[in-house]
Amino acid sequence: MEADARGFRVALVAGELINPPDGGVDALAVLEDEDWGAIQLPAAEYPADVAEPLLEQAAEQAEEFARHGYTLAVVGHRAGLEEALGRHGLETPRAIEPSSAEELRTFLGSLAG
Amino acid sequence: MPGVAFVAHCLLNQNSKTAGGARCPGVYSPLVQELRARGWRIEQMPCPELAFTGLNRFWAVKEQLDTSAYRRHCRRLATAVAGAVGVHVRRGDDVVIVGIDGSPSMGVHITSSDPARGGRPEWPDGSGELSPGAGIYMEELTAVLAERGIDAPRVMGISHQLPDHDPAAERERLAALLEG
């Protein structure tokens, strides 16, 4: 069996930062460079009946990582996330709404331990 | 015109893999690079095994997971994803689905099967569980999309956990998928 290469760091990321507009912060590129994984949060454009179950599933998955001591972070804003995490017994991890890739990189570096 | 790729959770988060299965720290670059280069939007599907059997799960074959409770769990996840697929299909976006070949849940063309496997784990590496077919989540997603009258999107499975994984061939198959 090959060695397991996981980074033990997972960011919950607003959909708008996974698929940024031209000139926007490409959070996925930064996460890739910094060895973090991503849990994508539904973009605000989705109607509530579509977004809410996706958000619930994101929180459910975050709980499993938290339970095992993985480092978690939130990148960008997603309405309802705090409540969804709370339903799974989680406080909102440290969060950032980055204005640049460099700002996000610095933030992630500060959590890497 | 670029479209929307619904991708297996672990392709953006290798931390969700079964122990021993993570190929990189987080993001599986070959897929993301190809999608980015072609201007495709990325939508991550949930990992059905992560929230059901957890991070400490054993490697499993399809028969071990194929219970009515796990099917209901996959159906719940697939229903949420189908809602998002429907948004894009109604908008006229081109939609593709990228799974994980060899996975009992996320397999597209290859899953894993061994009807005899169970009990105390002691199977040797390299035992022949790979089998043609789709994983359980993919079967449920296909069913939910059909129930909603959504034509089945084009699909492929990333092959990075198969023993004969060929990165160049995988990239060619991905390019062909995205080009339609």
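**Close-up 1. Helix α3(A) lies oblique to helix α4(B) in this predicted model.** The two helices here are α3, residues 48-67 of chain A, and α4, residues 68-91 of chain B, and their axes cross at roughly 140 degrees. That angle stays short of the over-145 cut-off for roughly antiparallel, so the pair counts as oblique. At their approach the axes come within 9 Å, and α3(A) goes past α4(B) with a left-handed crossing. On the α3(A) side, look for A:Asp49, A:Val50, A:Pro53, A:Leu54 and A:Gln57. Facing them from α4(B) are B:Leu77, B:Ala80, B:Gly83, B:Ala84 and B:Val87. Sorted by class, this contact is seven nonpolar residues, two polar and one charged.

**Close-up 2. Within chain B, α4(B) packs against α5(B).** Helix α5 covers residues 136-147 of chain B, and its axis and that of α4(B) come within 8 Å, crossing at roughly 50 degrees. That angle makes this pair oblique, and the crossing is right-handed. From α4(B), the contact draws on B:Tyr70, B:Arg71, B:Cys74, B:Arg75, B:Leu77, B:Ala78, B:Thr79, B:Val81, B:Ala82 and B:Val85. Their partners in α5(B) are B:Ile136, B:Tyr137, B:Glu140, B:Leu141, B:Val144 and B:Leu145. The class tally for this one reads 12 nonpolar, one polar and three charged. Keep an eye on B:Leu77: it is in the contact with α5(B) and also in the one with α3(A).

**Close-up 3. Here is the side of chain B that touches chain A.** Chain B puts 32 residues into the contact, and chain A puts in 30. Four elements of chain B each bring at least two residues to that side: α1 (29-37), β2 (41-44), α2 (48-53) and α4. The biggest giver is α4(B), with five residues. Broken down by class, chain B's side has 17 nonpolar, 10 polar and five charged residues.

**Close-up 4. Helix α1(B) has a buried face.** The buried residues to pick out in α1(B) are B:Leu31, B:Val32 and B:Leu35. Looking down the helix axis, they fall within an arc of 95 degrees, so they line one face of α1(B). Their cover comes from both chains: it includes α2 (27-34) of chain A, plus β1 (4-7), β2, β3 (95-100), β6 (154-158) and α6 (167-179) of chain B. Just past the helix sits B:Gly39, with a positive phi of about 75 degrees.

Note on methods: Residues numbered from 1 in each chain as written. Chains lettered and ligands numbered in written order. Predicted model: local features only at pLDDT ≥ 70, side-chain atom pairs only at ≥ 80, totals over all residues. Axes fitted to C-alpha atoms, helices over the stretch in contact; angles between N-to-C directions. Parallel < 35°, antiparallel > 145°, perpendicular 65-115°, else oblique. Left-handed = near helix turned anticlockwise from the far one by under 90°. Contact = placed C-beta atoms within 7 Å. Nonpolar A, V, L, I, M, F, W, Y, C, P; charged D, E, K, R; others polar. Buried ≥ 20, exposed ≤ 12 C-beta atoms within 10 Å, placed from the backbone. Arc of directions from axis to C-beta.
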